[in-house]
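Colleague: Could you walk me through this structure and tell me how each label was earned? I would like to see the reasoning behind the words.

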Amino acid sequence: MGIRSTAGTALTALRADLAGDVFAPGDAGYDAARAVFNAAVDRRPAVIARCADAADVVRAVRFGRDLDLRIAVRGGGHAVAGTALGDGALVVDLRRMRGVSVRPGAATARVEGGATLRDLDRATRPYGLASSGGCAPGIGVGGFVLGGGTGRLDRAFGLAVDDLLGVELVTADAERVRAGADENPELFWALHGGGGNFGIATALTLRLHPLPEFSLALVVCRPDRGRDLVRAFREVIAAGPDAAGGAVLYTTGTPAPFLPKRLAGRLVCAALLTYAGGPAGLRRLAAPLLALPHEAEFAGAVPYADAPCLPAAPPGLRIHGSAECLSGLPDDLVDVFCARALTMPVPTGSRYVLVPRGGAGAAGPADRPVAHRHAPWLVHPFAMWAGPAGDERAAAWVQGARSDVRPWRTGAVCLTLIGDEGPERVRAGLGVGNTLRLAKVKRRHDPDNVFRFNHNIKPV
């Protein structure tokens, strides 16, 4: 039997065996199944296996290994960097696996590999509990947590990866394993920042935190007032408790009940102050921001599950972003940041963000492969635009923003905020001292580098 016949027979068997769905080129639904949030990503996998459960994941991995296919993994999130797809590859798609089971007495949640932060936050909300999640509800929990992502409650509760209690994986050998403090502890260590290099996470168990109240303030001003707003936000964070967080950013004004119509489609500067507490405490913290001349404001209690840190990115746009960790936020850097913002693509969904760090996030375990933990600030240029004609301008703007902050950058990077920027940046994200240890874990669990569509750690 020839290779093509063997592949056809195996694909027929996979369609019959999988409880979920299988898509191949030419199938109805194939193009929809391969579409991702970033319109700049246009790849044609050989097979997409949309798995219904962990047993499906095992079957899919076995299929891929039998045919020597490269394997990409698609969680529940945006897949902005494009690593969820590969031309001619098998895509193991987890988006049907979105269950979240909360144990309120233990303050833990078991989260399936295709769940988003929206799924997690809505499941924990009835119990007054929360996870230290990301800055947009559509982010996938698995990639965010295992990649050591930074989120809206880092300062209050620590990084989400610090709350990782256990992981259920399907390995490159199509075996189901568990990793925790007392079971495969070296693998468990590697999963605290090493991402999807070691297997497909079908479920994560996370520690949760009490969050009976959550509130935020949003202050929007014209771009010429941006320097004052950025500096005021810096001082509010410096003087405030760890329960305070958020971001200050330039973006395009979008229609909102509290935003004047004249700002829609125009560049604005906004301070978003979040607070793990009630509105009275928030208003005391936000007073210096609200005292500045501004165009719009909101301040009050909101359900945490409905309160993303940043404006939602519209689908269908091309996306390119990066990030740098900063040693501080002196006035000279504020000036550079505000000047670069005036060159960003507008009107689009683009944004240029400064994020305060520190607090409980910086106080977490220092031995894990999360090199960005101790940076006090992070800058995140994130370009969104319509059509390939804008590609060069957007890429130049992001690169220019990175170059601007070179005198203040620490060298570390949050890998969940960047795409493929080369192996040196991966080492910067994991920590140079951790790289060899991670590579040895990779050799043990994925010696053939089957899971390579990621910030890749090559086995040694």
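Colleague: Leaving aside neighbours within four places in sequence, which residues is glutamate 324 in contact with?

Modeller: Happy to help, and please keep in mind that this is a predicted model. Beyond those neighbours, glutamate 324 is in contact with Trp377, Leu378, Val379, Arg402, Val405, Arg409, Ala412 and Arg425. Glutamate 324 itself lies in strand S17.

Colleague: Why is glutamate 324 called buried?

Modeller: Its relative accessible area is 2%, and buried means under 20%. Glutamate 324 therefore counts as buried.

Colleague: What makes the pairing of the side chains of glutamate 324 and arginine 409 a polar contact?

Modeller: The distance between them is 3.4 Å, and the cut-off is a pair of N or O atoms within 3.5 Å. That pair of side chains is accordingly listed as a polar contact.

Colleague: Why does threonine 252 count as buried?

Modeller: Threonine 252 has 7% relative accessibility, set against a limit of under 20%, so the label buried applies. This residue sits in strand S13 (residues 244-252). A polar atom of its side chain lies 2.8 Å from the backbone oxygen of threonine 348. Apart from neighbours within four places in sequence, threonine 252 is in contact with Gly265, Arg266, Val268, Val346, Pro347, Thr348 and Ser350.

Colleague: And how do you know that cysteine 221 is buried?

Modeller: By the same kind of reasoning: cysteine 221 has 1% relative accessibility, and the buried class is under 20%, so cysteine 221 belongs there. You will find it in strand S12 (residues 215-221). Neighbours within four places aside, the contacts of cysteine 221 are Gly226, Leu229, Val268, Cys269, Pro293, His294 and Glu295. Its C-alpha atom is also separated by 9.0 Å from that of glutamate 297, 76 residues apart along the chain.

Colleague: What makes strands S8 and S9 a pair?

Modeller: At least two bridges are needed, and S8 (residues 164-170) and S9 have five, in the antiparallel sense. They therefore qualify as a pair. For one example, valine 170 has arginine 176, in S9, as its bridge partner.

Colleague: Which strands form the open sheet, and which are called edge strands?

Modeller: Five strands form it, in the order S5-S6-S10-S8-S9, with antiparallel pairing. Strand S5 (100-103) and strand S9 (176-180) are the edge strands, as each pairs on one side only. From one strand to the next, the twist averages 15°. Helix H4 (residues 117-124) lies across S5, strand S6 (108-112) and strand S10 (200-207), running at about 35° to S5.

Colleague: How does the span of helix H11 compare with what is expected?

Modeller: H11 (residues 391-404) has 14 residues and reaches 20 Å from its first C-alpha to its last, close to the 20 Å expected at 1.5 Å a residue. Its buried residues are Ala394, Trp397, Val398, Gly400, Ala401 and Arg402. The elements that the buried residues of H11 pack against include strand S16 (318-321), helix H10 (331-341) and helix H12 (423-430).

Colleague: Last one: which residues touch the most other members of the largest nonpolar core?

Modeller: Of its 67 residues, those are Val145, Leu164, Leu191, Phe198, Phe214 and Val220. Not counting residues up to four places away in sequence, valine 145 touches Ala160, Val161, Leu164, Leu204 and Leu206. Apart from this core lies another, of 43 residues, among them Ala217, Ala232, Tyr250 and Leu290.

Technical notes:
Residues are numbered from 1 along each chain as its sequence is written. This is a predicted model: local features need pLDDT of at least 70, side-chain atom pairs count only at pLDDT 80 or more; totals for chains, interfaces and linings use all residues. Side-chain values use heavy atoms; hydrogens and water are left out. Helices (H or I, at least four residues) and strands (E, at least two) are DSSP runs, numbered from the N terminus. Axes are lines fitted to C-alpha atoms, for helices over the stretch in contact, and angles run from 0 to 180 degrees between N-to-C directions. Contact means heavy atoms within 4.5 Å. The expected span of a helix is 1.5 Å times one less than its number of residues. Buried means under 20% relative accessible area, exposed over 50%, partly exposed in between (1.4 Å probe, protein chains only). A nonpolar core is a set of buried Ala, Val, Leu, Ile, Met, Phe, Trp, Tyr and Cys residues joined through side-chain atoms within 4.5 Å. A polar contact is a pair of N or O atoms within 3.5 Å; within protein, one must be able to donate a hydrogen and the other to accept it, and residues adjacent in sequence count only if both atoms are side-chain atoms.
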